[in-house]
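The following paragraphs lead through a protein model, beginning with a single residue and its surroundings. Please keep the sequence and the coordinates in view while reading.

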Amino acid sequence: MHVHFLIEMMTRNFCTHTVAGPNGELFVTQKTEYWGQVLASLAVSLGPLSAGLGKGYSSPAIASLQQSDAEAFPVTGQQASWLASLSLLGALFGAPVGGLAVRWGRRRTLVYAGAPLSICWIITLFAVSVEVMCFSAFISGFLVAIVQLSAQVYVSEIATPSIRGGLSAVLKIAGHVGVLVSFIAGAFLNWRQLAGFISVVPALMCVVLLNVPESPGWLVLRGRDDEAEKALRWFRGDTADLQLELALLQAHVLSRPIPKNPLLLFKTLKSPALIACGLMFFQRFSGANAFYFYVVSVFKETFGNTNPHTAAVAVALVQLLSSLLSGLLVDSAGRLPLLVASSVLMTMALASFGSFAYYEEIHHKSVPNLDWIPLLCVLVFTVAFSLGISPISLLLVSELFSLEHRGFGTALATGFSYFCAFVGVKTFVDFQELLGLYGAFWLYAFISICGLCFIVCCVPETKGRDLNEIDTAR
C-alpha cells in the first residue's frame, strides 16, 4: 500500500494548485510536477526511519544484554529502564535546539544532525559499559528530535497543498517501518550488530540529501532569491509558473516582518501555539503511551491464554497499516473529519477496555474465552490513533505557524510534546496504582472526550490550502 500510495502521487504527474497572496487573494499556478517533491520527501524520510529504528532498538537490545552472552555486560533492571527512557529525555532538550537550528537551513540541519547521529550508533556498537550506552542513548534522542523537527518543516514547505498531507504522512510511516524493522532484525542480531545496522541509515540520509535542494521558502526568507528559483524548478518541474509562486513568497516575507517586540511576538504566536500544544497534549495523554510503552504488561493483566507478545506484534502491524491509510485519506477526506473520527473511536475503545478490566477486577479472575475483547479494543484504538490524531497533529504543527516563525513554533510544540510524553509514560503506573487499571483507562477516555471538544471548537481545516493562505486567514 505504501508503494501504491507513492506511485499514485507520481503517476498523476501534474497538478494545478492555488497559492495565496499576502492579502489573502488566491492565484492559480501552471501545472506542477510531483516527482521532485516525492523524491525529496523520500530522502528526508530516512531521518524518521532512523528515529523509528532507534525507538524499536531498546526492547531487543535489553533482552540481548540480559542474556548470558560473552558480548554483553551485566545490566540491572534499573539500568535497563534508564537505557530505554534516556532517549526520550534527550529529545526533550533536542526540540528547542532544533527550532533554533532550522533558522540556518532545513536541509543543512538534517545533514549536520544526521552525521553525529550515525556516530552515536557506532559508539553504541563498540560500547564497553552500560554507562556508555546510556550516554549514547541520550545524545541520539537529542539528535533525533532535531532530525524529526527539521524533516517535518522541510516537507511542509516544499510540498504543494494537494499532496502536502500525504507527503507528511510518509514521515510518520517511515517511523513505524523503522520500529518494525528493529523488532524483526533484533530477533536475529545481538545488540551490537543491531546498533551497527542502525548506524547506516542516518549516514545514508546525509549522502542522499546532498543532492536535494534547500527549502525555497527558507531561501526567500534569507534573501537568496536566485537559489530559491532553482530549488522551485527542481521541485515543481519545467511547466510550473515559478515567477508567480516566487513573487508571492517574496511578497509574503516582506508583508510579515519578524516582530522585535516580545509582546507583539507573543500575540503573533499565541493562537497557533495554543492549537498546536493542545493537539500535542491530547495526543500524548489519550492513552497511547499506556498502550504502546506497556502493551505487553497490560495484556498480561487482561489476557487469559493469548500470548501477549504475539498481540503486541499485531498491534504494531495494525499501527503501520493505519498510518498508510491515513496518508491516502488526509488530502482527500480532510484533517478535521479524520481528527473527529479518531477521537470518537479512541474514546469508545478506551472506555470499553476500562470496562473489561473492571469486569475482571470485580470478579477477581481473567476470562480466557473473552481475550478477543481487550485485543479488539486495542486494535480499534490503534487504528483510530494512527489514522487521525497521531499523524495529523504533527502535520498541523508545521502548517499553522507562518514561514518566519515555523522553526521556533514547531520547536515549541515538539518540545511540549516530548514533555507530555515523558510525563505520560511516568504517570501511567501511578494512575494504575491509584485508580486501578480500569480507572486509568476511564480517565484516558475522559481526556479523549475533552480532546474531541477541543478539535471541534478550536482546530481549523487546512486541507488544500497554501501555507501562506493559512497564515493570512488567522
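His176 makes contact with Gln319, Leu320 and Ser323, when residues up to four places away in sequence are left aside. The model in which these contacts are found is a predicted one. His176 belongs to helix 8. With a relative accessible area of 10%, His176 is below the 20% limit and is therefore buried.

Helix 8 spans residues 161-186, and Gly186 is also found in this helix. Is Gly186 buried or exposed? Its relative accessibility is 17%, so Gly186 counts as buried. Beyond residues up to four places away in sequence, Gly186 touches Pro60 and Leu194. A further relation links Gly186 to Ser59: the two are 127 residues apart in sequence, yet their C-alpha atoms are 8.5 Å apart in space.

Pro60, one of the residues touched by Gly186, leads to helix 4. This helix covers residues 58-65 and is mostly covered, with six of its eight residues buried. The buried residues of helix 4 are Ser58, Pro60, Ala61, Ile62, Ser64 and Leu65.

Ser87 offers another case of residues separated in sequence and brought together in space. Ser87 and Ala137 are 50 residues apart in sequence, while the C-alpha to C-alpha separation is 5.0 Å. Ser87 touches Ala137 and also Gly141, again not counting residues up to four places away in sequence. Ser87 lies in helix 5, which comprises residues 77-101. Its relative accessible area is 28%, which makes Ser87 partly exposed, since that class lies between the limits of 20% and 50%.

These individual cases may be set beside the totals for the chain. The protein has 21 helices and four strands. Of its 474 residues, 55% are buried. Among the contacts between residues at least 6 apart in sequence, 81% join residues at least 24 apart.

The packing of helices can be considered next. Two packed helices are described by the angle between their axes and the distance between the axes. Helix 6 (residues 106-125) and helix 9 (residues 191-209) pack at an angle of about 160°, and their axes are 8 Å apart. Angles over 145 degrees count as roughly antiparallel, and helix 6 and helix 9 are therefore placed in that class. The crossing of helix 6 past helix 9 is left-handed. Which residues make this contact? On helix 6 they are Arg107, Leu110, Val111, Gly114, Ala115, Leu117, Ser118, Trp121, Ile122, Thr124 and Leu125. On helix 9 they are Trp191, Arg192, Ala195, Gly196, Ile198, Ser199, Pro202, Ala203, Met205, Cys206 and Leu209.

A second helix pair is formed by helix 2 (residues 35-44) and helix 7 (residues 130-158), whose axes come within 10 Å and cross at roughly 180°. Helix 2 is therefore roughly antiparallel to helix 7. Helix 2 contributes Gln37, Ala40, Ser41 and Val44 to the contact, and helix 7 contributes Ala151, Tyr154, Val155 and Ile158.

Aromatic side chains form the next topic. The structure contains 14 aromatic pairs. Among them is the pair of Phe281 and Phe285, whose ring centres are 4.8 Å apart and whose planes stand at 35°, so the pair is tilted. For this assignment the relevant limits are 30 and 60 degrees, because planes under 30 degrees apart count as stacked and those over 60 as edge-to-face. The two partners fall into separate accessibility classes: Phe281 is partly exposed, at a relative accessible area of 31%, whereas Phe285, at 12%, counts as buried. Another pair is that of Phe381 and Phe385, with ring centres 5.8 Å apart and planes at 10°, so this pair is stacked. Phe381 and Phe385 both lie in helix 18 (residues 372-387), four residues apart, which is about one turn of the helix. Both of these residues are buried.

Phe281 and Phe285 also belong to an aromatic cluster, which they form together with Phe282 and Phe454. A charged side chain is placed over an aromatic ring elsewhere in the model: Arg222 lies over the face of Trp104, at 5.7 Å from the ring centre.

Note on methods:
Residues are numbered from 1 along each chain as its sequence is written. This is a predicted model: local features need pLDDT of at least 70, side-chain atom pairs count only at pLDDT 80 or more; totals for chains, interfaces and linings use all residues. Side-chain values use heavy atoms; hydrogens and water are left out. Helices (H or I, at least four residues) and strands (E, at least two) are DSSP runs, numbered from the N terminus. Buried means under 20% relative accessible area, exposed over 50%, partly exposed in between (1.4 Å probe, protein chains only). Contact means heavy atoms within 4.5 Å. Rings of Phe, Tyr and Trp (its six-membered ring) pair if their centres lie within 6.5 Å; planes under 30 degrees apart count as stacked, over 60 as edge-to-face and the rest as tilted. A charge sits over a ring if NZ of Lys or CZ of Arg is within 6 Å of the ring centre and within 35 degrees of the ring normal. Axes are lines fitted to C-alpha atoms, for helices over the stretch in contact, and angles run from 0 to 180 degrees between N-to-C directions. Angles under 35 degrees count as roughly parallel, over 145 as roughly antiparallel, 65 to 115 as roughly perpendicular and the rest as oblique. A crossing is left-handed if the near helix is turned anticlockwise from the far one by less than a right angle, and right-handed if clockwise.
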